[in-house]
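I opened the notebook to record what I looked up in this structure. The entries follow the order in which I looked.

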Amino acid sequence: MLKASVLTVFGLLCAGNAWCEEGEIPLMDAGTDIKNIESLQRGARDFMNDCSGCHSLKYLRYNRLATDLKIPEADLAKDLIFTDAKPFEEIATAMPVDSASWFGKQPPDLTLMARARGVNYLYSYLHGFYADKTRPWGVNNLYLPGTAMPHILYYRQGLQKPTYRNEKDPNGNAKMVLAGVEPMIPGSMKPEEYDQYVRDIVNFLDYAAEPVKSTRETMGIFVVLFLLVFFVFSYLLKKEYWKDVH
């Protein structure tokens with residue numbers, strides 16, 4: 001069951017898309033593309049395999065996902081629905097409702113997480129685990145210190161160790177500050193493979209947060225073009241009406 005969760009119990013807010021308040025570690029660029037259907041399909045597959053055991057997408061239905069991502073209904077039932085849910089139902093977690101004690105709190109629904117935190121934060125978070133023997137699960141995270149989630153993806157990414165740098169506090173005293181992470185034990189994926197794996201999941205979560213986003217952005221371009229053309233004709237019409245007024 002634990003292996004079925006990818007994302008964390010998010011509890012702290014990240015300031016903006018460039019820096020995270022906890023330690024001011026710069027966020028990584030997710031490089032997602034909401035119009036990349038193949039990436040969204042892979043992300044849906046990986047989310048359902050590795051995330052849906054603990055996290056739900058209660059504002060998204062299976063059949064809406066299949067329609068938008070061009071997934072045949074037969075493949076939907078075979079590859080993406082692992083419970084007794086029907087295609088018209090919301091994507092619910094397989095985790096029992098009384099499982100909050102497993103992590104200290106119930107893992108959150110992730111439907112709107114990409115809009116709440118931003119894709120760069122989600123992408124960075126899934127790259128930010130490092131070994132920390134002081135934590136209950138033996139890991140911590142650069143972007144969410146004290147995270148309640150174990151590093152479920154260690155078998156894919158491998159384990160990382162923290163790196164530090166010397167800084168001076170306001171009193172001029174030297175102190176060690178967490179600066180980043182570096183590889184310690186390799187995982188089953190090469191770094192570039194893990195990057196793409198995480199990018200696909202984050203891309204899918206970006207879609208899940210606003211399924212009409214791609215359509216809205218495309219429509220917005222046409223609306224702006226229409227308004228520009230309308231403005232030209234309106235201006236010419238105004239000149240025609242007022243040409244004889246002195």
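**Entry 1: a salt bridge between neighbours**

The model is predicted, and I began with one aspartate. I found Asp46 at 8% relative accessibility, so it counts as buried, the cut-off being under 20%. I then looked for its partner. Asp46 forms a salt bridge with Arg45, and their closest N and O atoms are 3.1 Å apart. Is Arg45 buried or partly exposed? I read a relative accessible area of 40% for Arg45, so this residue is partly exposed.

**Entry 2: a salt bridge between distant parts**

Next I looked up Arg156 and Asp50, whose side chains meet in a salt bridge with an N to O distance of 3.0 Å. This pair links distant parts of the chain, with the two positions 106 residues apart. I placed Arg156 in helix H6, residues 154–157, and Asp50 in helix H1, residues 37–50. Arg156 has 17% relative accessibility, so I noted it as buried. Asp50 has 5% and is buried because that value is also under 20%.

**Entry 3: one more pair, and the count**

I went on to Glu167, which forms a salt bridge with Arg165. The closest N and O atoms of this pair are 2.8 Å apart. Glu167 is partly exposed at a relative accessible area of 29%. Arg165 counts as partly exposed too, at 35% relative accessibility. How many salt bridges are there by the rule used here? I wrote down seven.

**Entry 4: the chain as a whole**

I stepped back to the overall layout. The chain has eight helices and six strands. Reading from the N terminus, I noted the order of elements as α-β-α-α-β-α-α-β-β-α-β-β-α-α. The chain has 246 residues, and 41% of them count as buried.

**Entry 5: contacts across the sequence**

I looked up Ala44, which lies in helix H1. Its relative accessible area is 0%, so Ala44 is buried. I then checked Ala44 against Val202: they are 158 residues apart along the chain, and their C-alpha atoms are separated by 9.7 Å.

Arg199 was next, and I found it in helix H7. Is Arg199 buried or exposed? Arg199 has a relative accessible area of 18%, so it is buried. I also noted Arg199 together with Tyr123: 76 residues separate them in sequence, and the C-alpha to C-alpha distance is 6.5 Å.

**Entry 6: a loop residue with an odd angle**

I turned to Lys70, which sits in the loop between helix H2 (62–68) and helix H3 (73–80). Its relative accessibility is 60%, so Lys70 counts as exposed, the cut-off being over 50%. I checked the backbone angle and found a positive phi of about 55°, although Lys70 is not a glycine. I made a note of why this was worth writing down. Most residues other than glycine have a negative phi.

I also compared Lys70 with Ile37. The two are 33 residues apart in sequence, while their C-alpha atoms are 8.0 Å apart in space.

**Entry 7: the largest pocket**

I looked for open space next. Rolling a probe the size of a water molecule over the atoms shows where empty space is left. The largest pocket has a volume of about 300 Å³. I counted on three elements to give two or more residues each to its lining: strand S5 (158–168), strand S6 (174–186) and helix H7 (191–209). Which of the elements gives the largest share of the lining? I noted S6, with five residues.

The lining has 19 residues, and those nearest the centre of the pocket are His127, Gln157, Gln160, Pro183 and Pro191. I sorted the lining by residue type and wrote down twelve nonpolar, six polar and one charged.

**Entry 8: a nonpolar patch on the surface**

Last, I looked at the surface. I found a nonpolar patch of about 640 Å², made by Val229, Phe231, Val232, Phe233, Tyr235 and Leu236. I picked out Val232 and placed it in helix H8, residues 213–242. Val232 has a relative accessible area of 44%, so this residue is partly exposed. A residue needs over 30% to be part of a patch, and Val232 meets that cut-off because its value is 44%.

Terms used: Residues numbered from 1 in each chain as written. Predicted model: local features only at pLDDT ≥ 70, side-chain atom pairs only at ≥ 80, totals over all residues. Heavy atoms only, no water. 1 Å grid on protein atoms, 1.4 Å probe; cavity = no way out; pocket = protein on both sides within 12 Å on 5 of 7 lines; lining within 4 Å. Points joined across faces, edges and corners; volume = space filled by probe spheres on them. Helix = DSSP H or I, 4+ residues; strand = E, 2+ residues; numbered from the N terminus. Nonpolar A, V, L, I, M, F, W, Y, C, P; charged D, E, K, R; others polar. Patch = residues over 30% accessible without salt bridge, like charges linked within 9 Å, V, L, I, M, F, W, Y side chains within 5 Å. Areas by Shrake-Rupley, 256 points an atom, 1.4 Å probe, with all protein chains shown as cover. Salt bridge = Lys/Arg side-chain N within 4 Å of Asp/Glu carboxyl O. Buried < 20%, exposed > 50% of the residue type's maximum accessible area, 1.4 Å probe, protein only.
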